[in-house]
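Work through the following exercises with the sequence and the structure side by side, and try each task before reading its solution.

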Amino acid sequence: MKLAIIEHVKVGPRSWRLELDAPEPARDSVPGQFVHVLCGSSYDPLLRRPFSIHDADAESGRIRLLYEVRGRGTALLAERCPGETLDVLGPLGQGFRLPETSDARLLLVAGGIAVAPLYFLARRIADTVGCARTTFLIAARTKSMLLCVEEFSSLGGDVRLATDDGSAGYSGFVTRLMSEYLEGLTGGEKLIVFACGPMPMLEGVAGITKARGLKCQISTEAKMACGVGACMSCAIKVRAGDSFEYVRACREGPVFDADEVIWE
Amino acid sequence: MNDRSRLAVNICGIRMKNPVMVASGTFGFGKEYGDFVDLNQLGAIVTKGTSLEPWQGNPPDRIAETPAGMLNAIGLQNDGVESLINEKIPWLRSAAPDVPVIVNVAGKTVDEYAEVARRLDGVEGVAGLEINISCPNVKEGGIAFGTDPAMTAQVVRAVRKATRLPVIPKLSPNVTDIVLMARACADTGADAISLINTLLGTAIDAESRTFKLANITGGLSGPAIKPIALRMVWQVAQAVDIPVIGVGGIMTAEDAVEFFLAGADAVQVGTANFVNPSAAVEIADGLDTYLERHGFKHISEIVGAVE
C-alpha cells in the first residue's frame, strides 16, 4: 500500500522518526510487528527494508517508524519528504505477547535504535496494565545517541540509562546494568523481560534471564528479502526437540522467547 | 478488462491463462503471498524446491544485496514432499483452483529426484514438475547435475520414467555451453526447459573482512542478471524444439517482452516478487497492453520475433 508521509524528523546523529498516514496498520499493529518499506525508486538498492513499528495510534490512523541510517536503503529513506508516499507492506510478523495482569514486574531492555519497538510496547503497557511496575533500561553507545528518553519517562515507569562511554547514566554495557538491577530486586517476585537490540546484546540478555529462570521475549534482526515468509532468507536458529531448525524472523518472529533461540 | 485470450498459453500440456508464472524459491508455496496478491491471476505457481525428506537449509546470513540484485544461499530449506502433498497442494487447490501448480523437485541423488517425481505422479493439483538441477547452494545434487550433460541426462531420464506429468528441467547458467545442457534435456524426454537459475557469486564485507554469506557463495538474481538470461534463452530457443520458459531478472512487462522476442514461450518472475508482490500480475497486464498496442492477436506472435 502507498502511505503518505506526514512528518519526517531527525532525532539523533543518524536517527530519524517517520510518521505515516496508515489507518489500517495503525488499527491492526501489535508491538513488535514490522513494516517492509521500499526506500528507493530504482533497482539499486533493490530490496525493501524492514522497520519495527515505533508507535501506532488507531484514532489518528497514524504509525511511526524510528530508524537509523545504516546503509544505502536507509540513506534514501532519510531523503523522503512529507507529502510524498511510501510503498509499505504490513504490519508483518508476530509481536510481543503482552502481560495480561499487573502482578508481574516488567523490564524492558533497549539497545540503540532498538528502542523503536519497545516504545510501542511501553505505550501499550501504559494503556493496559500501567507502567507503575515497569523499568526501562535504555542504552546507546554515547549520550547523543540515546533515544526516546523523555517519551519513556512520560509513561510513568522507572527509566535508567546506560552508555558504553559513560557519557550518560550507567557506564558500560546494558547487560551489566541489567544484572545489577536484577541483583537489587527482592527475591520471589515475578518478572518478565522484553528486549530488543543488536544480536550480541540479545544473546547477553538471554544468558542472564536463562541463568535466573526469567521469562524473556526478544525481538530479533535478520537479513530479509520478501518479508512475508516465502524466501526463507531471515533464518533464526531455534530449538526443535533435541535438535534445531531454522524459522523465519518475518513470519514466526521477529519476536521469540529468548530460550527458544540458539546462539552461535 | 480487455479480452485476455491473447495471453492464454499451453506449455507442454499445462494450460495457463497467461504466460507469467512466479519462479521457484521466490513465492514459497503461494500461501505466503495470499494476503498480498490475487493468486488466481497468476499464469502458474512454481513452488519452492521440494525434496524427499525435509531439508534444514544453510546457516544465516543467507542473503546479501548486490548492485541491482541479490545473492542467496538458502540451501533449499523445505518440509519435504509429504508435507507438500498433504498440506501445501490442498491449500493451493482451494485458494487458487484455476492456477496450475508446478512443483520444483530437488534431490541429492538421481533416485531422490525420481522418488519425489513418483510420489507426485497422480497427485491432484500438480500440473507439472520443474527439475532443479541448478541450485548452487547445496553440497550434493542440485547444480552438480546441471553442469554435466551426462548427469543432466541421467536425472531427466529417471524423472521422465517416474511420472506422467510434464517434466521441465531448470538449467543452470554456470556452464560453458548452455546449449549442450538444453540438448541433453530435450534428447532425454524433457517436455519444456526453464532457464536460467541463479549465477554463482559471492560478496565480501570490506570493513569486517568477512564473507557476507555464511555459505560463502550464493546465487545471484535480480535485474543484474537479465542480459545473461536473455542471451541464454535466445541460444536455447534456437537449439531445441520444446517450449522454453525464460527466467532471470524480469522486473517489468518490457523485460518480459524481451524474453518472448528472444524465443521464450512463457516467463517466470522471481526476485521482483520480493520488491512488489503484485509484480507477476502487473507484468501480465502489461504484456496484454503491449500486444494490443502493437496489434498482435496472441502472445505467440512475438515469440522469437527479434530481428
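**Exercise 1.** In this predicted model, find which residue of β6(B) is the bridge partner of B:E65, and describe the strand pair to which this bridge belongs.

*Solution.* Start from B:E65 and cross to β6(B), where the bridge partner is B:M70. Next, follow the two strands along their length: β5(B) and β6(B) run antiparallel and are joined by four bridges. Then look at the connection, where two residues lie between the strands of this hairpin, and where B:A68 in the turn has a positive phi of about 55°.

**Exercise 2.** Decide which residues of β5(B) point one way and which the other, and whether they are buried or exposed.

*Solution.* Begin with the general pattern, namely that side chains in a regular strand alternate between the two faces of the sheet. In β5(B), B:I63 and B:E65 point one way, whereas B:A64 and B:T66 point the other way. For the second part, count neighbours: a residue is called buried when 20 or more other C-beta atoms lie within 10 Å of its own, and by this criterion all four of these residues, B:I63, B:A64, B:E65 and B:T66, are buried.

**Exercise 3.** Establish how many residues of chain B are in contact with chain A, and characterise that side of chain B.

*Solution.* The count gives 26 residues of chain B in contact with 21 residues of chain A. The elements that give two or more residues to this side of chain B are the hairpin strands already met, β5 (63-66) and β6 (69-72), together with α8 (272-275). Sorting the residues of this side by class then yields 13 nonpolar, nine polar and four charged.

**Exercise 4.** Describe helix α6 of chain B, its buried residues and what covers them.

*Solution.* First compare lengths: α6(B), residues 226-239, has 14 residues and reaches 20 Å from its first C-alpha to its last, close to the 20 Å expected at 1.5 Å a residue. Then list the buried positions, which are B:K226, B:A229, B:L230, B:M232, B:V233, B:W234, B:V236 and B:A237. Finally, look outwards from these residues, whose cover includes α5 (178-187), β10 (193-195), β15 (244-247) and α7 (253-262) of chain B.

**Exercise 5.** Determine how domain 2 of chain A meets domain 3 of chain A.

*Solution.* The domain assignment places domain 2 at residues 105-219 and domain 3 at 223-264 of chain A. Nine residues of domain 2 are in contact with eight of domain 3. On the domain 2 side, α6 (199-212) and β12 (215-219) of chain A each supply at least two residues, and the largest share, five residues, comes from α6(A).

Note on methods:
Residues are numbered from 1 along each chain as its sequence is written. Chains are lettered from A and ligands numbered from 1 in the order in which they are written. This is a predicted model: local features need pLDDT of at least 70, side-chain atom pairs count only at pLDDT 80 or more; totals for chains, interfaces and linings use all residues. Two residues are in contact if their C-beta atoms, placed from the backbone, lie within 7 Å. Ala, Val, Leu, Ile, Met, Phe, Trp, Tyr, Cys and Pro count as nonpolar, Asp, Glu, Lys and Arg as charged, and the others, Gly among them, as polar. Domain bounds come from an automatic or database domain assignment. The expected span of a helix is 1.5 Å times one less than its number of residues. A residue is buried if 20 or more other C-beta atoms lie within 10 Å of its own, exposed if 12 or fewer, and partly exposed in between; C-beta atoms are placed from the backbone. Two strands pair if DSSP finds at least two bridges between them.
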